[in-house]
Amino acid sequence: MLNLTLLMIERVGLIIILAFFLVNFPPFRKLLFRQDGAAKFQLIIIFAFFTITANLIGIELSPDNSIHFNPLLLRIPAGYSVANIRILTVTVSGIIGGPMVGGVVGAVAGVHRVLQESLTNDALFYIPSSILIGILSGWFSNQKQHRFATMKPWHGFLIGLLMETIQMTFILIFSPTGWRLVRYIAIPMITVSALGTSVFLSIVALYFRQEVDVQATQTRSVLQLALKTLPAFRQGLNYKSAQEVANLMLKYTNFDAIGITDKQKILAFVGAGSDHHIAGQPIRTDLSLKAIQSGEVQIANNFHEINCSEPKCPLHSAIVVPLFIKEQIIGSLKVYYKEQWRLSPVEIQLGMGLGEILAMQIMLGDMERQTELVKDAEIKSLHAQVNPHFFFNAINTIVAVMRQDSEKARELLIQLSTYFRANLMGSREVVIPLSQEFKHVRAYLSLEQARFPGRYRVLFSNAVSENALVPPFTIQILVENAVRHAFNPKMKDQQIKVGVSQVANALKIVVADNGHGIDPHILKQLGHQVVDSQSGSGTALQNLTARFAGLYGEAANLDIQSSSEGTTITVKIPFQEGKQK
């Protein structure tokens, strides 16, 4: 029995060596993930070869159970028996390929075993027993298998024990020499078959772990890629953004070529084949057109399936992923390899994941762009709300001055023109130079002081460049607020001080008056909501705060301090400087 066990281990070693080389053969590795009919047929061919080999290298036993050394068992003499590892190969075929593959391989194994005994009736039971074992192995495998993993080796050991035990039961029941044979071969064959199944699955599991490691590495690359591609799509899907993203994808993945299209033409193509897949040209491959028309991922495993119109195209495998935005196809992502075997299931998953990320990035870029447009529209709407009745007061003042001093009236008309020109420019701009804001304020003050001569003085101090950028009407609103609400007619030496300075990375604007102050009951509401007051509603300050929030978020601040000795309003916004004009 010891000699038989050692010889069985030797046969199993041969099968394991074949399995090792098989798992390192890329086309076979691809079959481990595929569930289509073509893949199952190929697995049947492979494992049929294994099981026939297992029959041919079996150990021949004479009627007295002595071992006969025979290189290949093409035919087994009458009365002789065989110990082989056929059941191991049938079991593994079921575990790898499922019940159908296991059943067909089992049938091949059983038929070949019967042929070895010249179709004698005594050997016919090998056919149903082998088929049953193949189907059962596949059924057990389906209960344990999931993506990027197969049955654990120790599960395989138990299945191997069970399957070989079933075979021994058939021999015991149907073979003329059942008990005599089973008593001699059962323990070696059951033990060695179980161990062989476990080792075979260990080799396959090792490959799966390698695939998972590759996937983890690619996942990190994809996360880096996602962070870098988002800014590119802030202006939408176009030639420039597509080219930038395609270059990034080629850098962070191991694909040989990357293409991005809209529904009709190539937007970008980098890598192998870029000499004839050129941006701006119509889509060249039927595969891409089919993906866009059907909305389904297309996979090509060879040059003919890609069907490029260029006969010397170096690309021989591809994944084309349609890009969906709100259930509408806007184009496709195409990833290519120059070799057919490179397109493994991990790469297919990566390509599909990149397509989903790309579509999401385009959508996020579009949403960001729309948000900016809405924000810009809101800001311009707030601009338009600034003191519309000022125009009529200014006209009335100019008419009154014209009767006494036409030259003064002419100057006021120029200031009115400056004021409204600044209003129009402000409604089109998000930020303007400080010099432009000062012109606006001085124009406003000229018109107001013409209405109320000598009522107050305005003092300016500026410690920053006049190219510093501020939102339009920032100082004008604060000064107008002071002019309209800070003083009463009986007050003397009324002053408004306007100071601009830089504090760290912030532009600080201070407008202070020596007026009667603000009612404490409404002070906290100013800048945040409309207030109920005889002197005003606070709408201008509320609008100003809303514009700051839209432009700078929490980086902007408006602070109001008030007492009976006056009011000080301080604005802090991020310091920005425009180009000198």
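A helix in these legends is a DSSP run of H or I at least four residues long, numbered from the N terminus. Every view below comes from a predicted model.

**View 1. Arg547 sits in helix H18.**
Helix H18 covers residues 539–552, and Arg547 is one of its residues. Is Arg547 buried or exposed? Its relative accessible area is 1%, and buried means under 20%, so Arg547 counts as buried. Now look for Pro471: it is 76 residues from Arg547 along the chain, yet the C-alpha atoms of the two are separated by 8.0 Å.

**View 2. Five strands make up an open sheet.**
Read across the sheet and you get the order S5-S4-S8-S7-S6, with antiparallel pairing. Why does one side of S5 and of S6 have no neighbour in the sheet? Strand S5 (266–271) and strand S6 (298–300) stand at the edges with a single partner strand each, so one side of each is left free of a neighbour in the sheet. On average, neighbouring strands here are turned by 10° against each other, if you ignore direction. As background, strands of a sheet pair through backbone hydrogen bonds, and they can do that parallel or antiparallel.

**View 3. Zoom in on S6 and its partner, strand S7.**
Strand S7 takes in residues 317–325 and runs antiparallel to S6, with 3 bridges joining the two. To find your way around, start at Gln298: opposite it stands Val320 in S7.

**View 4. Helices H9 and H10 pack on the sheet.**
Helix H9 (residues 239–252) touches strand S4 (257–261), S5 and strand S8 (328–337). The direction of H9 makes about 25° with that of S5. Which strands does helix H10 touch? Helix H10 (residues 286–294) is in contact with S4, S6, S7 and S8, and its direction makes about 145° with that of S8.

**View 5. Cys308 and Cys313 are not bonded to each other.**
How many disulfides does the structure hold? The count is 0. For Cys308, the nearest cysteine sulfur belongs to Cys313, 4.0 Å away. A disulfide needs the sulfurs within 2.5 Å, so that gap is too far for a bond. Both residues are tucked away from the surface: Cys308 counts as buried at 8% relative accessibility, and Cys313 is buried too, with a relative accessible area of 4%.

**View 6. Ser193 lies in helix H8, within a span that UniProt annotates.**
An unreviewed UniProt entry places the feature "transmembrane region" at several spans, including residues 6–25, 154–174 and 181–208. Over residues 6–25 the chain is 90% helix and 0% strand, with end C-alpha atoms 29 Å apart. Residues 154–174 are 100% helix and 0% strand, and their end C-alpha atoms lie 31 Å apart. Ser193 belongs to helix H8 (residues 178–229). With a relative accessible area of 3%, Ser193 is buried. Which residues does Ser193 touch, leaving out those up to four places away in sequence? They are Ile87, Leu88, Gly160 and Glu164.

**View 7. Confidence varies along the chain.**
The protein chain averages a pLDDT of 80, and 84% of the residues score at least 70. Among its elements, strand S13 (residues 506–513) has the highest mean pLDDT, 93, while helix H2 (residues 26–31) has the lowest, 67. Over residues 144–149 the score stays under 50, and the model has 13 contacts for them beyond four places in sequence. Where pLDDT is low, don't read the predicted coordinates in detail.

Note on methods
Residues numbered from 1 in each chain as written. Predicted model: local features only at pLDDT ≥ 70, side-chain atom pairs only at ≥ 80, totals over all residues. Heavy atoms only, no water. Pairing = 2+ DSSP bridges. Axes fitted to C-alpha atoms, helices over the stretch in contact; angles between N-to-C directions. Contact = heavy atoms within 4.5 Å. pLDDT = per-residue confidence, 0-100. UniProt positions renumbered as here; feature names shortened; annotations may be inferred. Buried < 20%, exposed > 50% of the residue type's maximum accessible area, 1.4 Å probe, protein only.
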